[in-house]
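Here are a few exercises to work through with the model open beside you. Try each one before you read its solution.

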Amino acid sequence: YLMDDVKHSQDVALVVGDDSSEVSKLLVDPKAVRRRGPYELVHLAQQLQTADQFIRATAGSKLQQIATQIRFLQAQAHEVLENARRDAQLHHAACNFQKRPGKIYHLYEKSNGQTYFSMLSPLEWGSS
């Protein structure tokens, strides 16, 4: 769920049970628990609020990191698609000779949009 969907509440909910409940007997031992003053409850509520703020900040930080990773992956995907487009263009270019590794070939485009390879560089074409 999104952070905006989280209900922000300053209220503290306490667990309440009747004394006959097995759960309350397991959770609270009246001999080990002493009564707290009102200031201690306020302090506890402040600690809970601080913890809530920390949790929201941590979640926000993790979401920011994920967003950064998504942008990086989008950039990589864009690069892969551009390389595939370029490779397809080179593969479909007309070529009237056998290409050999290590040789330099020049890619040209006619006015009708057709692409073709040539062994001649633009400087070798001459003034014609």
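**Exercise 1. Decide whether R86 is buried, partly exposed or exposed, and find its salt-bridge partner.**

Solution. Keep in mind that you are looking at a predicted model.
- Start with the area: R86 has a relative accessibility of 38%, so it counts as partly exposed. The cut-offs behind that call are under 20% for buried and over 50% for exposed.
- Next, look for a partner: R86 makes a salt bridge with D87, and the closest N and O atoms are 2.9 Å apart.
- Finally, check that partner: D87 has a relative accessible area of 42%, which means it is partly exposed too.

**Exercise 2. Work out the overall layout: how many helices and strands are there, and in what pattern do they follow each other?**

Solution.
- Count the elements: you should get two helices and two strands.
- Read along the sequence and the pattern comes out as α-α-β-β.
- Now ask how much is hidden: of the 128 residues in the protein, buried ones make up 5%.
- Then take the surface: about 11900 Å² is exposed, with 58% of it supplied by carbon and sulfur atoms.
- Last, check the contacts: among those between residues at least 6 apart in sequence, 18% join residues at least 24 apart.

**Exercise 3. Find the salt bridges, and say how the partners of R56 and E82 are placed along helix 2.**

Solution.
- A search of the whole structure turns up three salt bridges. One of them is the R86 and D87 pair from the opening exercise.
- Take R56: it bridges to D52, with 2.4 Å between the closest N and O atoms. Helix 2 covers residues 38–92, and these two sit four residues apart in it, so about one helical turn separates them.
- Check their exposure: R56 has a relative accessible area of 26% and is partly exposed. D52, at 28% relative accessibility, is partly exposed as well.
- Take E82: its partner is R85, and here the closest N and O atoms are 3.4 Å apart. Both lie in helix 2, three residues apart, which is about one turn of the helix.
- Exposure again: E82 comes in at 35% relative accessibility, partly exposed. R85 is at 48%, and that also counts as partly exposed.

**Exercise 4. Describe the surroundings of T115: which element holds it, is it buried or exposed, and what does it touch?**

Solution.
- Place the residue: T115 belongs to strand 2, residues 115–118.
- Judge its cover: the relative accessibility of T115 is 12%, so it counts as buried. The limit to beat is under 20%.
- List the neighbours, leaving out residues up to four places away in sequence: T115 touches Q89, A93, A94, L107, Y108 and E109.

**Exercise 5. Find which residues form a nonpolar surface patch with L44.**

Solution.
- Locate L44 in helix 2.
- Check that it can qualify: a patch residue needs over 30% relative accessible area. L44 has 39% and is partly exposed.
- Gather the members: L41, L44 and L48 make up the patch, with about 260 Å² of accessible area together.

**Exercise 6. Look at the aromatic rings: how many aromatic pairs are there, and which ring has the charged end of K110 over it?**

Solution.
- Searching the whole structure gives two aromatic pairs.
- For the charge, go to Y116: the charged end of K110 sits over its ring, 5.6 Å from the centre.

Key:
Residues are numbered from 1 along each chain as its sequence is written. This is a predicted model: local features need pLDDT of at least 70, side-chain atom pairs count only at pLDDT 80 or more; totals for chains, interfaces and linings use all residues. Side-chain values use heavy atoms; hydrogens and water are left out. Buried means under 20% relative accessible area, exposed over 50%, partly exposed in between (1.4 Å probe, protein chains only). Contact means heavy atoms within 4.5 Å. Accessible areas come from the Shrake-Rupley method with a 1.4 Å probe; for residues, only the protein chains shown count as cover. Rings of Phe, Tyr and Trp (its six-membered ring) pair if their centres lie within 6.5 Å; planes under 30 degrees apart count as stacked, over 60 as edge-to-face and the rest as tilted. A charge sits over a ring if NZ of Lys or CZ of Arg is within 6 Å of the ring centre and within 35 degrees of the ring normal. A salt bridge is a side-chain nitrogen of Lys or Arg within 4 Å of a carboxyl oxygen of Asp or Glu. Patches are made of residues with over 30% relative accessible area and no salt bridge: like charges are joined within 9 Å, nonpolar side chains (Val, Leu, Ile, Met, Phe, Trp, Tyr) within 5 Å.
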